[in-house]
Amino acid sequence: MRVAAEYEPVGGGGTPVFPPTVKLAATNAAGYLTEPRYVDGEEVEVVLLDQRQSQANRCETALLGAIGRGEVFIPHLALVTEAEGVPVRVTSLEAPHRSRDAYFRDAVHPDGQPFDATGPGAELRAASAMDFSAYLRSVPSDLAYGVWDSHRKRRIQVKIPRAYTSEMIGVSPLVGARAAGRFDQLNLPGETVEVTEAGWAPMEGGKPAKGAGKAKLSELGHGMIPPSEGLGGVSVKAVQRNATVSMAQLAALRFGDVSEEFAAAGRALVAAIALLGDRLAFAAPAIRLRSGCDLVLVSERREWVLRGKDGCPAVEPLEVATPQDAVELFEIAVDRARKAGLEWPDEPFVVHPNASLQQAIAKSYVVAGIGEAEGE
């Protein structure tokens, strides 16, 4: 299945948009990821506006939102705690390594049992390329977006390739520049001050007291920063998004000693989750990738890609356009899988941090003194 979409900046064609900044290996400076590609048969330079990992994360966030609104339910893990009076919740749809993340490795069930020793945890740990049924029961979105069990020692680590892939590019980018600085209404002096956990104070004698650090006021958020040249986004000829759900990857999923009906229903369910995430994340008239990168959907083509004929792949329309369409398809897929024998929970599997992780989480919420201001 394939989705091909065209966008333009909300300000109109040619208006600068801001790709993610990265540290370039060649210069060790901030820049944008660009590369040559063939677009419509012509070699052109493109800039990556949103990579595969980021697009998958947007789909997972959209799925979590739909779960929170009660529109659908997809089994997932949830680590729940509190730090400094603030509720903390991390799900397998948010954690960097999904269900195999260190957050869950270092979690315990409310009864004190380590997560990896619980029913779902032990089943996920025992999963292999010949039997991913535990993922289908407990964290089926992992089968759509891929997962790597790299946080647990094992001779053969579970590594499931993503079935859903999407990315967004800008064609023929022209890199712009902008002046970045900061104006201080009171024009505080840019002097160097003494910094401790209690705060900052003017230095006596030009040197900080023993055990104290030093910083310029501008580094602490005060004073002027003269404008300097910075990255100013890119102007592009076109913005394109291409997404696929790989039937070849779905066909490679095995669920142990099950019927063909169960296997087919399980693969269809994973495909339905992938389509649901795509429609929830990208079917809207406009999307925001980041500050300075708001895009309007201009056109979209959804299609089945079939065996080639006369040198070209055959295509047929894919009649799943809206989030409502995708929800209906998902519910059909869940019902079919249940009838084939799939256990489908109606609540997330909740765990809590172990003592060490709880301590680390609590520490991250403690305000200790002042810090340096980030670059403007």
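Me: Let's start with a term: a disulfide is a pair of cysteine sulfur atoms within 2.5 Å. What makes the sulfur of Cys59 too far from the closest cysteine sulfur for a bond?

Reply: One thing to say early: this is a predicted model. Now for Cys59: the closest cysteine sulfur belongs to Cys293, and the two sulfurs are 16 Å apart. The cut-off is 2.5 Å, so a gap of 16 Å rules out a bond there.

Me: How many disulfides does a search of the whole structure find?

Reply: Zero. A disulfide is a covalent bond between the sulfur atoms of two cysteines.

Me: Is Cys59 called buried or exposed, and why?

Reply: Buried means under 20% relative accessible area. Cys59 has 0%, so buried is the word for it.

Me: And why is Cys312 called partly exposed?

Reply: That label covers what falls between buried, under 20%, and exposed, over 50%. Cys312 comes in at 47% relative accessibility, so it counts as partly exposed.

Me: Let's move to helix α1, residues 52-68, where Glu60 lies. Is Glu60 buried or exposed, and how do you know?

Reply: Its relative accessibility is 2%. The limit for buried is under 20%, so Glu60 counts as buried.

Me: Which residues is Glu60 in contact with, leaving aside its neighbours within four places in sequence?

Reply: Ser92, Leu93, Arg98 and Tyr145. Contact here takes heavy atoms within 4.5 Å.

Me: Arg98 is on that list. What is notable about the phi of Arg98?

Reply: Phi of Arg98 is near 55°, which is a positive value in a residue other than glycine. You'll find Arg98 in the loop between β7 (86-91) and α2 (102-105). At 11% relative accessibility, and with buried meaning under 20%, Arg98 counts as buried.

Me: What about the phi of Asp40?

Reply: Asp40 has a positive phi of about 55°, although Asp40 is not a glycine. The place to look is the loop between β4 (34-39) and β5 (42-50).

Me: Is Asp40 buried or exposed, and why?

Reply: Exposed means over 50%. Asp40 has a relative accessible area of 75%, so Asp40 is exposed.

Me: Back in helix α1, there's Thr61. What makes Thr61 exposed?

Reply: Its relative accessible area is 53%. The bar is over 50%, so Thr61 passes as exposed. Thr61 and Thr322 sit 261 residues apart in sequence, and 17 Å apart in space, C-alpha to C-alpha.

Me: Where is Lys207, between which strands?

Reply: Lys207 is in the loop between β14 (199-202) and β15 (213-216). With 63% relative accessibility, and exposed meaning over 50%, Lys207 counts as exposed. From Lys207 to Thr192 is 15 residues in sequence and 9.5 Å in space, C-alpha to C-alpha.

Me: Why is Ala264, in helix α7, given its accessibility label?

Reply: Ala264 has a relative accessible area of 31%. That lies between the limits of 20% and 50%, so Ala264 is partly exposed. As for distances, Ala264 and Leu253 are 11 residues apart in sequence, and their C-alpha atoms are 9.7 Å apart.

Me: Now for empty space inside. How many cavities of 30 Å³ or more are there?

Reply: The count comes to one cavity of 30 Å³ or more. The largest cavity holds about 30 Å³ of space.

Me: What makes a space a cavity here rather than a pocket?

Reply: A 1.4 Å probe fits in a cavity but cannot get out, while a pocket is open.

Me: Which residues line the largest cavity?

Reply: Met1, Arg2, Val3, Tyr164, Ala243, Thr244, Val245, Leu275 and Asp278. Two or more residues of that lining come from each of β1 (2-9), β17 (238-245) and α7 (260-282). β17 gives the most, with three residues.

Me: How do those lining residues divide by kind?

Reply: Six are nonpolar, one is polar and two are charged. Arg and Asp count as charged, and the lining includes Arg2 and Asp278.

Me: Zooming out, how many helices and strands does the chain have?

Reply: Nine helices and 21 strands. The C-alpha trace spans about 80 × 60 × 40 Å along its principal axes. Of the 376 residues in the chain, 40% are buried.

Me: What share of the contacts between residues at least 6 apart in sequence join residues at least 24 apart?

Reply: It's 71%.

Me: And how much area does the chain expose?

Reply: About 20,200 Å², with carbon and sulfur atoms supplying 52% of it.

Key: Residues are numbered from 1 along each chain as its sequence is written. This is a predicted model: local features need pLDDT of at least 70, side-chain atom pairs count only at pLDDT 80 or more; totals for chains, interfaces and linings use all residues. Side-chain values use heavy atoms; hydrogens and water are left out. On a 1 Å grid over the protein atoms alone, a cavity is a set of points where a 1.4 Å probe fits but cannot get out, and a pocket is an open set with protein on both sides within 12 Å along at least five of seven lines; lining residues have an atom within 4 Å of a point. Grid points are joined across faces, edges and corners, and a volume is the space filled by probe spheres set on the points. Helices (H or I, at least four residues) and strands (E, at least two) are DSSP runs, numbered from the N terminus. Buried means under 20% relative accessible area, exposed over 50%, partly exposed in between (1.4 Å probe, protein chains only). Accessible areas come from the Shrake-Rupley method with a 1.4 Å probe; for residues, only the protein chains shown count as cover.
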